[in-house]
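Dear colleague,

I am handing over the structure below for your reference. After it you will find an account of what was found.

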Amino acid sequence: MHDSRKLGYAAPVAVTKTIELRTEVPGPRGRAILERKERVIANAKAITLPVVAAEARGATITDVDGNTFIDFTGGVGCLNVGHANPRVLEAAHEQLDRFTHTDFTVVPYEVYVTLAERLLERAPFRGHAKAAFFNAGTEAVENAVKFARLFTRRPAVIAFEGAFHGRTLLSMTLTSRPHPYKAGMGPLAPEVYRAPFPYEYRGIDAATALRELEALFVTQVAAEQVAAIVVEPVQGEGGFVPAPQEFMTGLRRICDEHGIVLVVDEVQTGFARTGKLFATEHYGIEPDLITLAKSIAGGLPLSAVLGKAEIMDAAHDGAVGGTYVGNPVAQAAALAVLDEEGLVERSQAIGEAMRARMHGWQERFPQIGDVRGLGAMLALELVRDPATKEPDPELAGSVIEAALERGLLLLKAGVHGNCIRVLCPLVIGDAELDEALGVWEHALEASLP
Ligand code: PLP
């Protein structure tokens with residue numbers, strides 16, 4: 001069992017072998033459950049990795065057939081503090097034994113207020129800031145737009161190509177990729193406009209992206225009609241594309257010039273994933289609103305909007321809410337997440353170790369077109385040919401399958417589905433990390449000519 005409090009520092013490099021495969025994957029028990037699933041679960045809930053979880057600890061998942069995998073998916077970035085983090089579990093159990101729900105706006109509770117205080121102490125706001133809690137990332141995004149619209153009294157919202165902000169009506173509209181997220185599900189929400197995101201590997205630099213954004217005010221929507229610009233500091237589902245400094249500084253300037261609310265969506269980048277608690281800290285800019293979810297509560301559903309007090313207070317009583325929003329068990333877990341020591345340092349160390357290995361792979365395999373990210377939020381972009389940069393989603397799929405067969409769980413990303421991203425728990429030990437990267441390397445060797 002890992003002790004994440006110590007891992008930030010001198011994690012001993014022991015030769016361990018964590019992965020243990022006892023059956024084919026899925027094994028007989030897993031297969032039986034997946035067959036039952038086919039009959040009763042909507043087809044839209046297709047399975048990415050046929051590993052039916054029985055238990056998970058730290059950076060590992062053991063399936064119902066007794067196979068143990070190293071998990072680089074981390075519940076899609078929700079488990080920076082690791083599966084079953086003992087301190088998070090203890091805090092959640094303690095709250096569970098006291099009460100599970102009242103609805104904070106009907107009968108309030110202290111943990112809601114304490115968590116707001118603790119998050120705001122750490123958040124990159126220079127003046128008075130406030131918080132509101134929800135359940136999922138999509139709710140945080142939808143509510144951030146409500147706050148921005150009520151504050152500015154304007155309707156329009158700008159999002160970027162490659163963006164992912166969720167799957168409810170407005171956040172789905174803000175999300176860029178039509179398949180599988182939007183096609184057939186219209187009409188979409190009105191007053192959403194889209195500008196290019198800087199993607200240097202694919203020829204879009206920060207200056208071009210900023211120019212196109214400003215052109216939007218001439219060709220599509222008047223700047224004085226825009227309530228918010230919503231941006232991921234590192235695009236997550238879009239393929240782990242970090243925003244250049246110049247772009248974030250430019251967005252801040254444009255928002256200031258036109259009275260637009262800058263919403264930084266840190267749902268995937270938050271809680272040390274990028275080597276800072278909030279990815280925004282890399283850029284030295286002050287956002288107006290921040291959305292948080294995923295790793296905020298160590299795997300329990302919780303999300304938040306943090307923001308400048310005058311914007312948050314522009315929403316009238318009852319304007320934002322929901323029966324379950326700000327669940328006290330998830331909030332108690334979130335306090336324990338904030339108590340974890342060494343996560344930021346660990347993210348930096350994991351990022352450096354992985355980046356070095358990935359650059360080594362890139363030298364061997366020209367199909368690895370790009371290695372990019374921030375901190376431990378790293379991805380490979382796979383292409384058929386480094387000259388044409390034609391995306392190769394099939395290769396990404398083969399590498400993921402070859403890794404699965406060898407006991408490593410990996411996840412795709414990217415608008416073309418040709419990136420493989422790392423969202424491993426940050427409590428992963430050095431030996432486990434090394435083992436996982438060794439498996440990934442074998443998976444590349446097995447999948448590439
Ligand atoms: N925003 C970003 C940047 C995300 O990565 C995601 C989910 O992947 C969301 C919003 C939506 O979060 P949720 O799936 O919790 O609704």
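I begin with Leu 292, which has its place in strand β11, residues 289-292. The model is a predicted one, and everything that follows should be read with that in mind. Leu 292 counts as buried, because its relative accessibility is 0%. Its C-alpha atom is separated by 8.0 Å from that of Leu 306, although the two residues are 14 apart along the chain.

A second strand residue to note is Asp 370, found in β13, which covers residues 368-374. Asp 370 has a relative accessible area of 16% and is therefore buried, the limit being under 20%. Its side chain is joined to that of Arg 372 by a polar contact of 2.9 Å.

The ligand site

Which residues surround the ligand? They are Ala 136, Gly 137, Thr 138, Phe 164, His 165, Gly 166, Glu 232, Glu 237, Asp 265, Val 267, Gln 268 and Lys 294. Sorted by class, this shell holds three nonpolar, five polar and four charged residues. Oxygen atoms of the ligand take part in several polar pairs. A polar backbone atom of Gly 137 is 2.8 Å from a ligand oxygen, and a backbone N or O atom of Thr 138 also lies 2.8 Å from an oxygen atom of the ligand. In the case of Gln 268, a polar side-chain atom is the partner, again at 2.8 Å from a ligand oxygen. On its own the ligand has 390 Å² of accessible area, and the protein covers 85% of this.

Helix α6 and the residue after it

Gly 137 and Thr 138, both part of the ligand shell, are also among the buried residues of helix α6. This helix runs over residues 137-152 and has 16 residues. From first C-alpha to last it reaches 23 Å, close to the 22 Å expected at 1.5 Å a residue. Other buried residues of α6 include Ala 140, Val 141, Ala 144, Val 145 and Ala 148. In general, an α-helix has 3.6 residues a turn, so residues three or four places apart point the same way.

Arg 153 follows α6 and is placed in the loop that leads from α6 to β5 (156-160). Arg 153 is not a glycine, yet its phi is positive, at about 55°. With a relative accessible area of 74%, Arg 153 is exposed.

An open sheet

Four strands form an open sheet with mixed pairing, in the order β1-β2-β3-β15. β1 (53-57) and β15 (408-409) stand at the edges with a single partner strand each, so one side of each is left without a neighbour in the sheet. Strands β2 (residues 60-63) and β3 (residues 68-71) pair in the antiparallel sense over three bridges. Thr 62 has Thr 68 in β3 as its bridge partner.

Backbone details

Two cis peptide bonds deserve mention. One joins His 179 and Pro 180, with omega about 5°; Pro 180 has its place in helix α8, residues 178-181. Another joins Gly 186 and Pro 187, with omega about 0°; Pro 187 lies in the loop between α8 and β6 (192-195).

Finally, Val 76 in helix α3 (residues 74-77) has a phi near 55°, a positive value in a residue other than glycine. Val 76 counts as partly exposed, at 28% relative accessibility.

With kind regards

How values were computed: Residues numbered from 1 in each chain as written. Predicted model: local features only at pLDDT ≥ 70, side-chain atom pairs only at ≥ 80, totals over all residues. Heavy atoms only, no water. Near = heavy atom within 4 Å. Polar contact = N/O pair within 3.5 Å; in protein donor to acceptor, adjacent residues only side chain to side chain. Areas by Shrake-Rupley, 256 points an atom, 1.4 Å probe, with all protein chains shown as cover. Nonpolar A, V, L, I, M, F, W, Y, C, P; charged D, E, K, R; others polar. Pairing = 2+ DSSP bridges. Helix = DSSP H or I, 4+ residues; strand = E, 2+ residues; numbered from the N terminus. Expected span 1.5 Å × (residues − 1). Buried < 20%, exposed > 50% of the residue type's maximum accessible area, 1.4 Å probe, protein only.
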